[in-house]
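Subject: Structure handover and notes

Hi,

Here is the structure I promised to pass on. Have a look at it first, and then read my notes below.

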Amino acid sequence: MLHRPFRKHQPPTLITWGKNDGIFTVEGAELFKRDIPSAELHLLDTGHFALEEEVDRIGSLMHEFLDRTINKK
């Protein structure tokens, strides 16, 4: 049910995910990618707190993603 709107609307999506997260596993990221095939997925060498461990990298990915998607319109 949660993913139904994603399947219908296909929003531009950036997924940053800790590949060593024991709570939200890589399979969860792959479910988003399955429902939004155009999503950009980055599996980072982090655990559950990816943003704390890779804040600069995730910030850069966000800026690049927004430049490619939002700013091109």
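Let me start with Arg 34, which counts as exposed because its relative accessibility is 54%, above the 50% cut-off. Please keep in mind throughout that this is a predicted model.

**Salt bridges**

The side chain of Arg 34 meets that of Asp 35 in a salt bridge, with 3.3 Å from N to O. Asp 35 also has a salt bridge with Arg 7, at 3.4 Å from N to O. That second pair links distant parts of the chain: Asp 35 sits in helix α2 (residues 26-35) and Arg 7 in helix α1 (residues 4-9), 28 residues apart. Arg 7, Arg 34 and Asp 35 are thus linked in a network of salt bridges. Their surroundings are worth a look too: Asp 35 counts as buried, with 5% relative accessibility, while Arg 7 counts as partly exposed at 41%.

How many salt bridges does a search of the whole structure find? The search gives three. Besides the two above, Glu 40 forms a salt bridge with Arg 68, and the closest N and O atoms there are 2.2 Å apart. Because Glu 40 lies in strand β2 and Arg 68 in helix α4, this pair ties together parts that are 28 residues apart in sequence. Glu 40 is partly exposed, with a relative accessible area of 22%, and Arg 68 is partly exposed as well, at 39%.

**Helix α4**

Arg 68 brings us to its helix. Helix α4 covers residues 55-69, 15 residues in total, and spans 21 Å from its first C-alpha to its last, close to the 21 Å expected. Its buried residues include Ile 58, Leu 61, Phe 65 and Thr 69. These four are on the same side of α4, because they cover an arc of only 60 degrees around the axis. As background, an α-helix has 3.6 residues a turn, so residues three or four places apart point the same way. The buried residues of α4 pack against β1 (14-18), β2 (40-44) and α3 (50-53). On the face turned away from that buried side you will find the exposed residues Asp 56 and His 63.

**The nonpolar core**

Which residues make up the largest nonpolar core? There are five: Ile 15, Trp 17, Ala 29, Ile 36 and Ala 39. Leaving aside residues up to four places away in sequence, Ala 39 touches Thr 13, Ile 15 and Lys 33.

Happy to talk it through whenever suits you.

Best wishes

How values were computed: Residues are numbered from 1 along each chain as its sequence is written. This is a predicted model: local features need pLDDT of at least 70, side-chain atom pairs count only at pLDDT 80 or more; totals for chains, interfaces and linings use all residues. Side-chain values use heavy atoms; hydrogens and water are left out. Helices (H or I, at least four residues) and strands (E, at least two) are DSSP runs, numbered from the N terminus. The expected span of a helix is 1.5 Å times one less than its number of residues. Buried means under 20% relative accessible area, exposed over 50%, partly exposed in between (1.4 Å probe, protein chains only). The arc is that of the directions from the helix axis to the C-beta atoms. Contact means heavy atoms within 4.5 Å. A nonpolar core is a set of buried Ala, Val, Leu, Ile, Met, Phe, Trp, Tyr and Cys residues joined through side-chain atoms within 4.5 Å. A salt bridge is a side-chain nitrogen of Lys or Arg within 4 Å of a carboxyl oxygen of Asp or Glu.
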